[in-house]
Structures are given as C-alpha cells and as structure tokens.
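Visitor: Hello! I am new here, and I would like a friendly tour. Could you show me the structure before we start?

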Amino acid sequence: MSELTRYRRWMTVFIMYFLMICFLAAAFMPRVETIALGLALGTGISWINAFYLGYKVRKMSDDAAEGNLKRVNLGFLTRAALAVLGIFISMRFPQYFNTYAVAGGLVIAQFSLLIIGIVYSRRAE
C-alpha cells in the first residue's frame, strides 16, 4: 500500500468521525446548529478537494512513471470553485449554515493530513 493511499484512508476515517460529531451537535444542541452544519459543509468540501488532489497527484505520478511528459494541472480551479460554492451556499441559506464555520471547515482535511503525516513520521523513527 502506498503512502498516499494510507494517508487518504486515515484522513477519510478522521473526516467521517468529525462529520458524525458535527451532525450530533447539530441534532442535540440547537444553539450551535448553524455552526455545526457549517463545519460539516466545509469539511465535506475540504474532503472532496483533498481526495481530488490526491487523485490528480496519483495520475500525474503514474503518467511520469510511464514516460508521458505532457503537461498536467492539479485541478486548482475545480477545487477553488467547490470552496466558493460552499461559501455561496452558506450565504444563500444563513438559517442553516454559518459562513465563518464553512470557511473554517474548508481547512479541516489539510490539517488532518498534517497531523497524520506527523504521526506517521514519528512512528518511523
């Protein structure tokens, strides 16, 4: 199993637990419902973006290993458009999603990958 696959698996597990906590908080604590749902929306978009970036990196590395030297992009516009879409959804439906929580949730997957990378680098030593 490659390192990228292992990181994606642990990131997915972490994100699913985090989403479960967000949905439980939204269900049982009505005062923080919009914040919890905003975090859930931002985290879901963040997970999609990280997964898509991993797919593009894998595809690019496979092409480089095969000797295909054509220029490949990493899909920045697609990932940025998804983030902007999440912010637009939160602005269109402020009774359901907190805009600041959505913006904060957009970085959850990247921070989880950072923590997972630190944990795996400590295990190797």
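Guide: Welcome! Please keep in mind that this is a predicted model. A good place to begin is Tyr96, which sits in the loop between α3 (76-92) and α4 (99-105).

Visitor: Is Tyr96 buried, exposed or partly exposed?
Guide: A residue is buried under 20% relative accessible area and exposed over 50%, with partly exposed in between. For Tyr96 the relative accessible area is 45%, so this residue is partly exposed.

Visitor: Leaving aside neighbours within four places in sequence, which residues is Tyr96 in contact with?
Guide: Contact here asks for heavy atoms within 4.5 Å. With neighbours within four places in sequence left out, the partners of Tyr96 are Glu33, Thr34 and Leu37.

Visitor: How many aromatic pairs are there, and what kind of pair do Phe93 and Tyr96 make?
Guide: The count comes to 5 aromatic pairs. The ring centres of Phe93 and Tyr96 are 6.4 Å apart, and their planes are at 50 degrees. Planes under 30 degrees apart count as stacked and those over 60 as edge-to-face, while the rest are tilted. The pair of Phe93 and Tyr96 is therefore tilted.

Visitor: What separates the C-alpha atoms of Tyr96 and Ile15?
Guide: Along the chain, Tyr96 and Ile15 are 81 residues apart. In space, the separation of their C-alpha atoms is 20 Å.

Visitor: Ile15 belongs to the largest nonpolar core; which helix gives the most to this core?
Guide: That core has 11 residues, among them Tyr7, Ile15, Ala50 and Tyr120. At least two of its residues come from each of α1, α2 and α5 (108-124). With 5 residues, the helix that gives the most is α1.

Visitor: How many residues does the second, separate core have?
Guide: This second core includes Ala25, Ala36, Leu37 and Leu106. Its full count is 10 residues.

Visitor: Let us go to the surface. What accessible area do the residues of the nonpolar patch have together?
Guide: The patch is formed by Trp10, Val13, Tyr17, Met20, Ile21, Leu24, Phe28 and Met29. Together their accessible area is about 860 Å².

Visitor: Where is Met29 found, and is Met29 buried, exposed or partly exposed?
Guide: Met29 lies in the loop between α1 (3-28) and α2 (33-66). Its relative accessibility is 46%, so Met29 counts as partly exposed.

Technical notes: Residues are numbered from 1 along each chain as its sequence is written. This is a predicted model: local features need pLDDT of at least 70, side-chain atom pairs count only at pLDDT 80 or more; totals for chains, interfaces and linings use all residues. Side-chain values use heavy atoms; hydrogens and water are left out. Patches are made of residues with over 30% relative accessible area and no salt bridge: like charges are joined within 9 Å, nonpolar side chains (Val, Leu, Ile, Met, Phe, Trp, Tyr) within 5 Å. Accessible areas come from the Shrake-Rupley method with a 1.4 Å probe; for residues, only the protein chains shown count as cover. A salt bridge is a side-chain nitrogen of Lys or Arg within 4 Å of a carboxyl oxygen of Asp or Glu. Helices (H or I, at least four residues) and strands (E, at least two) are DSSP runs, numbered from the N terminus. Buried means under 20% relative accessible area, exposed over 50%, partly exposed in between (1.4 Å probe, protein chains only). A nonpolar core is a set of buried Ala, Val, Leu, Ile, Met, Phe, Trp, Tyr and Cys residues joined through side-chain atoms within 4.5 Å. Rings of Phe, Tyr and Trp (its six-membered ring) pair if their centres lie within 6.5 Å; planes under 30 degrees apart count as stacked, over 60 as edge-to-face and the rest as tilted.
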